[in-house]
Amino acid sequence: QVVVALLSEGHGQEKLADVFGRSGMVGNVGAQAALLSACARARNWHQAMRFLDAWRGLGRPPDLRIQTAIIRALSAVAAWHHVLSSMAELSAASVQPDVACRNAAASACRAGSRWDQALKIL
């Protein structure tokens with residue numbers, strides 16, 4: 001809840017990223033997914049994308065939990081174009097999206113009036 005409060009108020013984002021980086025949690029799938037979920041609840045998709053970029057910078061392969069968390073953050077603001085990129089990343093890595101991931105992605109496309117894309121995802 002503290003993380004969500006910091007992110008939603010726009011405070012402490014850099015400090016939070018620094019703490020995650022120094023503690024080694026940036027490379028931890030569970031911690032990264034939780035952080036991205038906090039970004040989604042705070043509707044802070046810009047920070048979520050920065051954390052995702054840090055994950056990618058570690059050379060980590062796409063992970064379903066992380067991609068689902070980022071898609072949820074993006075769907076909160078109807079950033080359907082980023083959602084489609086995340087879905088393509090999963091596909092390229094031969095990772096099959098689960099129902100939660102597909103629903104979040106379709107939700108983002110619907111919110112952006114991209115019904116054709118939403119139907120393809122489902």
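**Exercise 1. The two sides of helix H6**

Task: In this predicted model, find which exposed residues sit on the face of H6 turned away from its buried side. Then work out how the buried residues are arranged around the axis.

Solution.
- Step 1. The face turned away from the buried side carries Ser91 and Ala92, both exposed.
- Step 2. List the buried residues of H6: Val83, Ser86, Met87 and Leu90.
- Step 3. These buried residues cover an arc of only 100° around the axis, so they lie on the same side of H6.
- Step 4. Recall the helix geometry: an α-helix has 3.6 residues a turn, so residues three or four places apart point the same way.
- Step 5. Look at what covers the buried residues of H6. The cover includes helix H5 (64-75), helix H7 (99-111) and helix H8 (115-121).

**Exercise 2. The span of H6**

Task: Test whether the distance between the end C-alpha atoms of H6 agrees with the expected span.

Solution.
- Step 1. H6 runs over residues 80-92, which makes 13 residues.
- Step 2. At 1.5 Å a residue, H6 should span 18 Å. The expected span uses one less than the number of residues.
- Step 3. The end C-alpha atoms are 18 Å apart, which agrees.

**Exercise 3. The core**

Task: Which residues have the most contacts inside the largest nonpolar core, and which helices supply at least two residues each?

Solution.
- Step 1. The largest nonpolar core has 29 residues.
- Step 2. Those with the most contacts inside this core are Leu36, Ile70, Ile71, Leu74, Val83 and Met87.
- Step 3. At least two residues each come from helix H3 (29-41), helix H4 (45-57), H5, H6, H7 and H8.
- Step 4. Take Ile70 in detail. Not counting residues up to four places away in sequence, Ile70 touches Leu36, Ala48, Met49, Leu52 and Ser86.
- Step 5. Set this against the general trend: in soluble globular proteins, nonpolar side chains tend to be buried together.

**Exercise 4. Two serines with positive phi**

Task: Where do Ser94 and Ser113 lie, and are they buried or exposed?

Solution.
- Step 1. Start from the rule: most residues other than glycine have a negative phi.
- Step 2. Ser94 is not a glycine, yet has a positive phi of about 60°. Ser113 also has a positive phi of about 60° without being a glycine.
- Step 3. Ser94 is in the loop between H6 and H7. Ser113 is in the loop between H7 and H8.
- Step 4. The cut-off for exposed is over 50%. Ser94, at 69% relative accessibility, is therefore exposed. Ser113, at 54%, also counts as exposed.

**Exercise 5. Gln117**

Task: Is Gln117 buried or exposed, and which residues does Gln117 contact?

Solution.
- Step 1. Gln117 belongs to helix H8.
- Step 2. Its relative accessibility is 16%, so Gln117 counts as buried.
- Step 3. Leaving aside neighbours within four places in sequence, Gln117 is in contact with Leu84 and Cys109.

Key. Residues are numbered from 1 along each chain as its sequence is written. This is a predicted model: local features need pLDDT of at least 70, side-chain atom pairs count only at pLDDT 80 or more; totals for chains, interfaces and linings use all residues. Side-chain values use heavy atoms; hydrogens and water are left out. Helices (H or I, at least four residues) and strands (E, at least two) are DSSP runs, numbered from the N terminus. Buried means under 20% relative accessible area, exposed over 50%, partly exposed in between (1.4 Å probe, protein chains only). The arc is that of the directions from the helix axis to the C-beta atoms. Contact means heavy atoms within 4.5 Å. A nonpolar core is a set of buried Ala, Val, Leu, Ile, Met, Phe, Trp, Tyr and Cys residues joined through side-chain atoms within 4.5 Å.
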